[in-house]
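Please open the model in your viewer and keep the sequence panel beside it. The tour below proceeds selection by selection.

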Amino acid sequence: MFIADKDLKKEIIEVVESSEKILFVVSPYIDIDDSTKKAFKELHDDVSKIIIYRDNSSVNTAAGISEQSRRFFKSLPFVELVAVKDLHAKAYLNERFAVISSMNLTKSSNENFEVGWNIDAEEESEDFFELWGYIMHILESDKCDFSEERFKNIIPKKPFIIDKEGPKVLINGREVEDEVFRNLHKSCNVKHGICIRCSNTSLEFYTRRPLCLSCFKEWNIYKNPYFKENYCHRCGLEFKTDLNSPLCDSCNHVFLFEMEREWKKLMNIFKTK
Ligand SMILES: [Zn+2]
Ligand SMILES: [Zn+2]
C-alpha cells in the first residue's frame with residue numbers, strides 16, 4: 001500500500017512498536033525524535049534491534065547517526081549499530097511487515113514530502129523476503145564491518161511463514177507442491193485429523209483439508225473459507241476455526257514449529273543433492 005508524509009512516519013513507528021523478535025532500521029541518516037524514542041523504549045527487551053546507518057568516515061563528514069541518537073541506542077539491550085559505506089536505501093522491517101520509504105529516521109524528515117510502501121510478510125511474502133534478503137546482502141557486503149560472529153549473535157532465525165490460502169502453498173515465499181506440503185504434515189506428531197465442523201476423527205491431518213467428506217460436501221455449496229466452524233483440526237477442542245485457519249492457537253504454535261523443522265530437513269536434502 002502506498003503511504004506518504006505524516007502517515008509514513010506513523011507507519012515507521014508502527015514497525016518499531018510491533019516488533020516482537022527482530023527489528024531492522026535501515027536509514028542513512030538517523031537523528032530520532034521523542035515519539036521514535038518512546039516506541040523503542042516500549043519494546044520488549046528481547047527484541048533484536050539492528051540499526052544500519054551510513055558510514056561517512058571516508059568523506060570526512062559527520063557519521064550518519066547523531067551523537068544523541070547513538071547514545072540512546074547504546075542504552076538499550078540487544079542493539080547492534082552498523083555503519084555501512086555508500087548506504088542510500090531506506091527501509092524499516094520487523095518479522096511481520098516492512099516499510100520501504102524515502103524517509104530517513106530524522107526529526108527534519110517529519111516536514112518533508114516523503115513517499116513509501118508497506119509490505120505484509122504473510123500476504124506479500126515473496127516481496128517481503130526479497131527485501132529481507134537484500135538487507136542480509138548489505139550486512140554481508142564488505143562495505144560494512146558487521147562480522148559473521150556479530151551476525152550470528154544478534155540475528156535470530158528468519159521467521160517461518162506458511163501461506164496456504166492461495167491456489168499454491170507458499171513457504172517463506174517459495175512455491176510448494178501440494179504433495180510436498182501434504183508430506184510435511186505426515187512428519188508432524190499427529191495421528192489423524194479432526195473434522196472442524198463435526199469432530200469426526202476419520203480423516204488425515206492436513207490443514208488444507210480440515211473437513212470430513214460429508215462436511216466438505218456441505219461446505220462446498222457456499223464455498224465460504226471464513227465460515228466459522230466448531231473444532232480444532234489437530235486437538236479436537238472446541239474452538240472457532242475456519243477453512244483457512246483450522247487450528248486452535250496452541251496447536252497452531254506446535255504445527256508451525258514442527259513444519260519448520262521438517263521444512264529445514266527438506267531444504268537440507270535439496271542443498272546436499
Ligand atoms: Zn465433518
Ligand atoms: Zn488444537
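Begin by selecting strand E2, residues 22–26, together with E4: the two strands pair in the parallel sense over five bridges. The coordinates are those of a predicted model. Within this pair, display Leu23, which stands opposite Lys49 in E4.

Retain E2 and add strand E6, residues 91–94. Here the pairing with E2 is antiparallel and extends over four bridges. Leu23 may remain highlighted, for in this direction Leu23 stands opposite Asn94 in E6. In general, the strands of a sheet pair through backbone hydrogen bonds, in either the parallel or the antiparallel sense.

Now return to E4, residues 48–54, and colour it by burial. Six of its seven residues are buried, so the strand is largely enclosed by the rest of the structure. Next select strand E5, residues 79–84, which runs parallel to E4 and is joined to it by six bridges. To locate the register of this pair, show Ile52, which stands opposite Val82 in E5.

The view may then be widened to the whole sheet. In what order do the seven strands of this open sheet lie? The order is E1-E9-E7-E6-E2-E4-E5, and the pairing is mixed. Strand E1 (2–4) and E5 stand at the edges; each has a single partner strand, so one side of each is left without a neighbour in the sheet. Neighbouring strands of this sheet are turned by 15 degrees against each other on average, with direction ignored.

Proceed to helix H4, residues 125–140. The helix has 16 residues and reaches 22 Å from its first C-alpha to its last, close to the 22 Å expected at 1.5 Å a residue. Select Ser125, Phe128, Phe129, Leu131, Trp132 and Leu139 in H4: these residues are buried. Viewed down the axis of H4, the buried residues fall within an arc of 155 degrees, so they line one face of the helix. Then rotate to the other side of H4, where Glu130, Gly133 and His137 are exposed.

For the next stop, colour the chain by domain. The chain is divided into domain 1, covering 2–154, and domain 2, covering 164–272. The C-alpha centres of domain 1 and domain 2 lie 35 Å apart.

Select Asp163, which is found in strand E10, residues 162–163. Is Asp163 buried, exposed or partly exposed? Asp163 has 18 C-beta neighbours inside 10 Å and therefore counts as partly exposed; the cut-off for a buried residue is 20 or more. Which residues does Asp163 contact, leaving aside its neighbours within four places in sequence? They are Glu122, Ser125 and Leu170. Ser125 is one of the buried residues of H4 already displayed. A distance may also be drawn to Ala39: the C-alpha atoms of Asp163 and Ala39 are separated by 29 Å, and the two residues are 124 residues apart along the chain.

Finally, extend the selection from E10 to its sheet. This is an open sheet of three strands in the order E10-E11-E12, with antiparallel pairing. E10 and strand E12 (174–176) are the edge strands, each pairing on one side only. Strand E11, residues 169–171, is joined to E12 by three bridges, and the two run antiparallel. As a last selection, show Val169, which stands opposite Val176 in E12.

Conventions. Residues numbered from 1 in each chain as written. Chains lettered and ligands numbered in written order. Predicted model: local features only at pLDDT ≥ 70, side-chain atom pairs only at ≥ 80, totals over all residues. Buried ≥ 20, exposed ≤ 12 C-beta atoms within 10 Å, placed from the backbone. Pairing = 2+ DSSP bridges. Axes fitted to C-alpha atoms, helices over the stretch in contact; angles between N-to-C directions. Contact = placed C-beta atoms within 7 Å. Domains from an automatic or database assignment. Expected span 1.5 Å × (residues − 1). Arc of directions from axis to C-beta.
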